[in-house]
Structure formats: C-alpha cells, structure tokens
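I opened this one to look at the ligand site and then at a few residues picked along the chain. My notes follow the order in which I looked things up.

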Amino acid sequence: MPSIDLFQTLPVPDPVAAAHSARVLDDLRAEMAATGGALSFARFMELALYAPGLGYYCAGTRKFGAGGDFITAPELSPLFSRCLAHQCREILEALGGGAILELGAGTGIMAADLLQELRTLNALPKQYAILELSGDLRERQRQTLAEQVPELLERVVWLDTLPASGFRGVILGNEVLDALPVERFHITAQGPRRLLVVDTEAGLDWMEGAEDPAVTAMVAQIEAEIGGQLPEGYTSEYVPQFQEWLTAVAEPLTAGALLFIDYGYPRRDYYHPERSTGTLLCHYRHRAHDDPLILPGLQDITASVDFTAVADAALAVGLEVAGYTTQSYFLLGCGLMELLAEEIPPNPAHSIRYLEQARQVKLLTLPGEMGDRFQALALTRNLAIPLRGFAFRDERGRL
Ligand SMILES: C[S@@+](CC[C@H](N)C(=O)[O-])C[C@H]1O[C@@H](n2cnc3c(N)ncnc32)[C@H](O)[C@@H]1O
C-alpha cells in the first residue's frame, strides 16, 4: 500500500459514518455481553471486517483507491495483473488448460485486467471463479467486469464455497492472507497470554486473558523455530487454525499452483525481538496507524503474513513450495520491463502515458515502496515446471 501517510492525524468520520460505526460497536458489545464480557481479538477482527451488512468489507464503503482507505497493487497499475497473467499462462499451458480461482477479489479490477491480458495472449482460462466473503464486493466486482470486459463476463462465476475436488489451474490471492483474522498474544512474567478486547467506560480496550494451552503451544512452537525466547513485554499475532484454512483452500487443487502475494516476512523476521509490538496495521482514508480498536467498521485491519507458516501448512498437505521472492523480482520475472517497453511511444511528445506507467512500475518494485515489503509465494501440486516469476531470485531458503 504505497504513498500512505504513516501515523498522521486521522480524519473525523462524517455523521453517517459515525452512526454506522456506533452500530458496529453495539453489535460488538452485544457479542461481548453474550460471551462473558470479552472477545478474542480474532473474533473482534472478524466482526469488525466481515459482520454481514456491518463489517468494514461488507457495508458498502469506498475502501479501495484514491477515494477510499488504501490502494492495492492491482488498483495501482494494470501492469501488476498483466504480469500475473503471464505467470498464469505458463501454468495453464503446462497443464494443457484449466481454470483460475481468485480469493478475495476486491473491486474486481485484477480479474478484469488479467482476463484482458490472457485474451491478448490467446490463453483464456475455461473459467474464472471468484470466492469473496463480502456480498457488497461481489456486486462491485460484477460491475467492474461488466464495464471493463463485458464479453468475458460469461466466463466469470462467483462461488459461495471452495470448489469440489478436481480443480486444475491457478488459485490466486493478492492481499488476502493479511485480511485473515489474527489472535494477539503478549509475553508476561507468567508466560504468554492471549490479548482480549473488552468494553470499558473509556471505550474498547485490551485485557490479558488467562493461561491458554493453545497460545502457550503456539508461542512454544514459534520460539523453537526462531531459536530463542520472546522477551517479556513482547506482543505479536498469529492466524489461528491457519492449517485448517490452507488445507481447505488447497484441497480442491489436483494440479496447478496457488499464488499468494502479500506483505510479510519469513518467521525469523516476523518474530524478530525488535518487532516487539507486532505487525497490526489499520488504514483509514490513506492514513496508516496501529490501533485496531478505534473506528470499528470504518477502517481496514490487517496483520503481516508469516510466510513460513504458510509454507509449513502447505507442506503438511502435500503441496510443494515452488518459489518465494519479493514482489519486485516476481514482477520482473513475469516480464514487467518488457510490458513497460511496449508502452514507449515512437514519438517522444506522446510519452505522458508511458511516464505514468513508469511511475507505477517504480511504486510496484522499488525497495521502500511495494517492491520488497510485498512477497510472492507459489505452492504447487503435480506441476513440474519452473515458474518464471521466481527465475530471477528465489528465496525459499529464508522460509
Ligand atoms: C485487502 S482486500 C484485497 C482485495 C484484492 N485482492 C486486491 O488486491 O485489491 C482483501 C480481500 O479479501 C477478501 N477476503 C478476506 N478473507 C477472505 C477469505 N477467507 N476468503 C475469501 N476472501 C476473503 C475481502 O473481502 C477482500 O476482498
């Protein structure tokens, strides 16, 4: 999410937005009251983002793009999705055809640009399926596709659940893993404790939970893998039941690849002693901050991705970890510079569009922008080809 003002003063919500947030808060309080006064952070995040008709992703606000809260890579530039199309073509060709399934498709712009490029390459998938939790976003995706690629709309289907087994092709998730609800933990003198969300007179606040075997086991596993103890006072996150989530997503795949692009780190960097306050990041009107308990229903809440956890979960269900690299090397491997070069006009006087695309390429690739904060991870099953997105640099050894 480039060009975001970090930790600047947050804009005040307008009265309609404030009233909506008050309804979300009532809903949260009702569930707290019904479940003994406290919510796990994972449940809080799930409700704040996905409660039907109320949660951030499900209540019709603008979210993506200049008039929203944040910009994702496919919103920033069609070159991102065009590069992905080249990776998809390679996989679909190796399989002799197949389908694409996109998880969490946002506004639908990635689907539209990807399908357009695949049509140019004469490599359209037999079907483009979208699995989206938000009914509101489904509608938005349908509109985008109807406007951008009306003649390809018949290839697109929206799924309520993951497909049955026998899926051959590519499963894509851009900035989906960072939107999965996380548990928060805190290391105390007595050991690791879950951080719960409670209601106080001053508003929502954190409370340490009692000792919990699931949290203790998770922290013990992290400490064993990073080769040291997390210090007292340390706070961080993990996705609960991530193995179950990935198992369900991978289950239908008989042949092909899962491709996740997101911001995150290998486990040793994720739980680095210096990253002592965790990785939660919230976005509201292009301001980023780290307090998920304010503006319920109005702001996005995310956590960085522990890519080692993703790779471990993949290996446990028999997938192969086929590549791991930064977004910049992934896009370069997929032909980003060749696509940009095609935009150079014969007459330099007509270079404005090219220069705009060159600007987008910088945002997608430069270190300090999205280039190295975002990573690409490929997981494959019954696919025996090297993937072009990982040809320039493959950092699986860091996982
Ligand atoms: C940050 S947005 C990214 C949207 C889009 N992929 C992009 O890059 O612009 C996260 C998306 O993931 C969806 N999402 C979150 N959890 C999901 C899940 N378990 N299955 C499918 N979609 C999910 C959200 O509704 C939303 O569309």
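These are my entries, beginning with the ligand and moving on to single residues.

**Entry 1: ligand surroundings.** I should say up front that this is a predicted model. I started by asking which residues come nearest to the ligand. Of the 17 residues around it, I noted Tyr50, Thr72, Gly104, Glu132 and Asn174 as the nearest. I then sorted the shell by character and got 11 nonpolar, four polar and two charged residues. I also checked the pocket list, and the ligand sits in the largest pocket.

**Entry 2: polar contacts of the ligand.** I went through the N and O atoms next. Threonine 72 offers an N or O atom of its side chain at 2.6 Å from an oxygen atom of the ligand. At glycine 104 I found a polar backbone atom 2.8 Å from a nitrogen atom of the ligand. At glycine 106 a polar backbone atom is 3.4 Å from a ligand oxygen atom. How much of the ligand's accessible area does the protein cover? On its own the ligand has 600 Å² of accessible area, and the protein covers 96% of that.

**Entry 3: glycine 104 again.** Since glycine 104 is one of the residues that come nearest to the ligand, I looked up where it belongs. I found glycine 104 in the loop between strand S3 (99-103) and helix H5 (109-120). Is glycine 104 buried or partly exposed? I put it down as partly exposed, because its relative accessibility is 26% and buried would need under 20%. I also took a C-alpha to C-alpha distance from glycine 104 to isoleucine 130: they are 26 residues apart in sequence and 7.2 Å apart in space.

**Entry 4: threonine 188.** I found this residue in strand S7, which covers residues 183-188. Its relative accessibility is 11%, so I count threonine 188 as buried. What does its side chain reach? I noted the backbone oxygen of glycine 191 at 2.7 Å from the threonine 188 side chain. A polar atom of that side chain also lies 3.1 Å from the backbone nitrogen of glutamine 190.

**Entry 5: positive phi values.** I looked at two residues here. Arginine 285 is not a glycine, yet I read a positive phi of about 50° for it. I placed arginine 285 in the loop between strand S12 (281-284) and strand S13 (287-289). It counts as partly exposed because its relative accessibility is 33%. Leucine 295 is not a glycine either, and I read a positive phi of about 50° there too. I placed leucine 295 in the loop between S13 and strand S14 (300-302). Is leucine 295 buried or exposed? I have it as buried, because its relative accessibility is 16% and the cut-off for buried is under 20%.

**Entry 6: two more C-alpha distances.** I finished with threonine 254 and serine 276. Threonine 254 is in strand S11, residues 253-265, and I count it as partly exposed at 36% relative accessibility. Its C-alpha atom is 16 Å from that of lysine 126, with the two positions 128 residues apart along the chain as the separation. Serine 276 is in the loop between helix H9 (267-270) and S12. At 30% relative accessibility, I also marked serine 276 as partly exposed. Serine 276 and proline 231 are 45 residues apart along the chain, and I got 8.5 Å between their C-alpha atoms.

Terms used: Residues numbered from 1 in each chain as written. Predicted model: local features only at pLDDT ≥ 70, side-chain atom pairs only at ≥ 80, totals over all residues. Heavy atoms only, no water. Near = heavy atom within 4 Å. Polar contact = N/O pair within 3.5 Å; in protein donor to acceptor, adjacent residues only side chain to side chain. Areas by Shrake-Rupley, 256 points an atom, 1.4 Å probe, with all protein chains shown as cover. 1 Å grid on protein atoms, 1.4 Å probe; cavity = no way out; pocket = protein on both sides within 12 Å on 5 of 7 lines; lining within 4 Å. Sits in = over half its atoms within 2 Å of the grid points. Nonpolar A, V, L, I, M, F, W, Y, C, P; charged D, E, K, R; others polar. Helix = DSSP H or I, 4+ residues; strand = E, 2+ residues; numbered from the N terminus. Buried < 20%, exposed > 50% of the residue type's maximum accessible area, 1.4 Å probe, protein only.
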